[in-house]
Amino acid sequence: MGQAKPASPPSAARQVSDSHDLIRAHGVRVNNLKDVSVELPKRRLTVFTGVSGSGKSSLVFGTIAAESQRMINETYSAFVQGFMPTLARPDVDVLEGLTTAIIVDQQRLGADPRSTVGTATDTNAMLRILFSRLGQPHVGSAQAFSFNVPSVSGAGAITLERGGETVRESRSFTVTGGMCPRCEGRGSVTDIDLTQLFDESKSLREGAITVPGYSADGWFGRIFAAVVPADVPIARFTKKQRQDFLYGEARRIKVDTINLTFEGLIPKVQKSMLSKDIEALQPHVRAFVERAVTFTTCPDCGGTRLSAAARSSRIGGINIADACAMQITDLAAWVGALDEPSVAPLLTTLRHTLESFVEIGLGYLSLDRPAGTLSGGEAQRVKMVRHLGSSLTDITYVFDEPTTGLHPHDIQRMNDLLLRLRDKGNTVLVVEHKPELIAIADHVVDLGPGAGTAGGTICYEGDVAGLRASGTVTGRHFDDRATLKPVVRTPSGALEVRGASTHNLQDVDVDIPLGVLVVVTGVAGSGKSSLIHGSVSGREGVVSIDQGAIRGSRRSNPATYTGLLDKIRTAFARANGVKPALFSANSEGACPACNGAGVIYTDLAMMASVETTCEECGGKRFQAAVLEYRLGGRNISEVLAMPVTEALTFFGSGEARVPAAHAILGRLADVGLGYLSLGQPLTTLSGGERQRLKLATHMGEQGGVYVLDEPTSGLHLADVEQLLGLLDRLVDSGKSVIVIEHHQAVMAHADWIIDLGPGAGKGGGQVVFTGPPAALVADRASLTGQHLAAYVAP
């Protein structure tokens, strides 16, 4: 007789632990949030909506996710915490029911040239192990296939104290790496055009050096003049003098009784300019670097970054460089065909990872694609790869607009992935604007009603049906559908592109109309960016506004980023008869107690830093004496506290009239940033706000053709209308506007559409349609045509 089974507990009985099914946040005051309270259901998909700048990211990322990460960090020892970033507790009264948060945001992956899609996802690490076990001939361990590990060897003698005696021993070591010694694993070599560094027909005293900042009467000119003749043209230098001038090793010299360091021109330029991120350089220095340096494929490794030994080892005729260069869909098929019991667990994991790439819509990438070249949407989906096969449950996944960069055809696939994460027992929080994704939500939190100080409150909380009937800005625009323009503009000319073959483009010929609004469409990976950035952006008169993140610290703000503060400082200085530097919180006018930060930061080692308002300036950042100076009745601190709309009126007339400042403010208002205060730190801006700030800045540049890369990123449904109005004004003013875009409302508003495809990667790279939107809708031959036809109002 078998054992009796224990009685099952009655279904109605619940453990106390079962009651913790909500994430509760009460009294949240982060950034612009106004004491808001929410209760979010666990193991559900919750979407946060609202206009750009309404407080979505402050609630989701700045409060819930930030506090979860802070509390996890506190579980580590004080020693470990000392090596981790310190996180301050969000300004909130109550936060309960938090689970471990995994943030999958749109922060670009590192732009280091050594970082690729394969290294960022650990897929390369698995391939290296595979080749080290199965590759023939055998060349070494996994690091023998790594382009980041150089081959080195050494030998020498060491002295040891052993048993009271001194013993000398010989030691040697050898490390076999896969790095190409010629390019040091970068895949390309740099060549400096010497004619851009100096004019050899002139002497140093005549200004032969043409590098920015290297003037003949400055310190650099005096240092070089102390080593080589200053009055002799460089063309007449002796061989030794030319060697010293160009490649001289660093050494101490004395100039006018001052000890200084001399170094040849080329190593000095390499250290001061070429070793830095080109995007971080000042515009004139960046232009010099782009002019003076050419990057060519490494002749030794052919751009594979790998040594000859690493390339010689093969599995079935394929080496690791070939595998990394394959489109991931092809690589997945190749790995799937391998059958080797000795590495079965490795093959299973590798297959799953590659299938996750395909499933998430990134099968068109290759593992050797530099990570810095991915768009924000692609970077976010690459980060998702490592979470798709995770066995963890009861995790809070936090996504920042996961549909960014996705064609309408791909959004359904993203929806399926988010629902899969939820169905495994996880809480999924998504900040999103696209109605296609909002529609699948279990719970919706709508913030607003406006942006900045006009937002920060909960306008609606509930299901999607309730949102539609709520009357909020999001609810009113939720079912908006665009209409095709009855009449499109007539082009004034055409920009010819011939034989475009960048990345996956297949020898594309296309004429891009000028004087109209052109929208370039196609599924993700079809070749849109390759066509426009590869064949149009570099031309004269073209102003390109890409998705690159704007840089800025907590001392940076819209006034400094746009150059507006320079105009304001000059106006204050002229009105008061003093120096402009007094009106900079980063220069002479800064409060000495807080150095112009407005707050005092107290470092508490592994604990969060304490931030207190500076008592001397009261958070105004300037010295008291500086605040006595006024322009139009306002001091500099009061001006920086103004929102853009108020400043536009202030600098538009009267004593404070500054036309240059008024023009910049007008562009900020045009892109929908009228609510931002001039002195608001850039670190507090949302992704959509940063994108529009960048757009406003570039609108001031002189050019006949504007190229915009997905300008609707981060924009609410209501904001898209304002963007379309801005694009119309640009075209009506005589500009040509080319937009790379997935948003159907922008497609419907276009005068001309260029659709690429039909698929992604090697399945794309062709122009499948050119013409007005109405013809695309009538044709319906491409995926874009089908989705646009379903979107537009009948």
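Reader: What makes strand β14 largely enclosed by the rest of the structure?

Author: In this predicted model, 5 of the 5 residues of β14 are buried, so the strand is largely enclosed by the rest of the structure. Buried denotes a relative accessible area under 20%.

Reader: Which residues of β14 point one way, and which the other way?

Author: T396, V398 and D400 point one way, while Y397 and F399 point the other way. In a regular strand the side chains alternate between the two faces of the sheet. Residues on both sides of β14 are buried.

Reader: How do you know that β14 pairs with β5 and with β15?

Author: Pairing requires at least two bridges between the strands. Strand β5 (residues 101-104) is joined to β14 by 4 bridges, and β14 shares 5 bridges with strand β15 (residues 427-431); the requirement is therefore met in each case. The strands run parallel in the pairing with β5, and the pairing with β15 is also in the parallel sense. I103 has V398 as its bridge partner in β14, and Y397 stands opposite V428 in β15.

Reader: Why is L392 called partly exposed?

Author: The relative accessible area of L392 is 47%. Buried would require a value under 20% and exposed a value over 50%, so L392, at 47%, is classed as partly exposed. L392 lies in the loop between α13 (376-388) and β14 (396-400). Leaving aside neighbours within four places in sequence, L392 is in contact with K424 and N426.

Reader: Why is D728 called buried?

Author: D728 has a relative accessible area of 17%, and the cut-off for buried is under 20%; D728 is therefore classed as buried. D728 is found in helix α25. Not counting residues up to four places away in sequence, D728 touches R489 and H749.

Reader: Which helix gives the most to the largest nonpolar core, and which residues touch the most other members?

Author: Of the 72 residues in this core, I568, I636, F651 and L678 touch the most other members. Helix α25 (residues 717-732) gives the most to the core, with 7 residues. A second, separate core of 67 residues includes L134, V382, L417 and F478.

Reader: What makes up the lining of the largest cavity?

Author: The lining divides into 5 nonpolar, 9 polar and 5 charged residues. Of the 19 lining residues, E401, K434, T712, S713 and H743 lie nearest the centre of the cavity. The volume of this cavity is about 150 Å³.

Key: Residues numbered from 1 in each chain as written. Predicted model: local features only at pLDDT ≥ 70, side-chain atom pairs only at ≥ 80, totals over all residues. Heavy atoms only, no water. Core = buried A, V, L, I, M, F, W, Y, C linked by side-chain atoms within 4.5 Å. Buried < 20%, exposed > 50% of the residue type's maximum accessible area, 1.4 Å probe, protein only. Helix = DSSP H or I, 4+ residues; strand = E, 2+ residues; numbered from the N terminus. 1 Å grid on protein atoms, 1.4 Å probe; cavity = no way out; pocket = protein on both sides within 12 Å on 5 of 7 lines; lining within 4 Å. Points joined across faces, edges and corners; volume = space filled by probe spheres on them. Nonpolar A, V, L, I, M, F, W, Y, C, P; charged D, E, K, R; others polar. Contact = heavy atoms within 4.5 Å.
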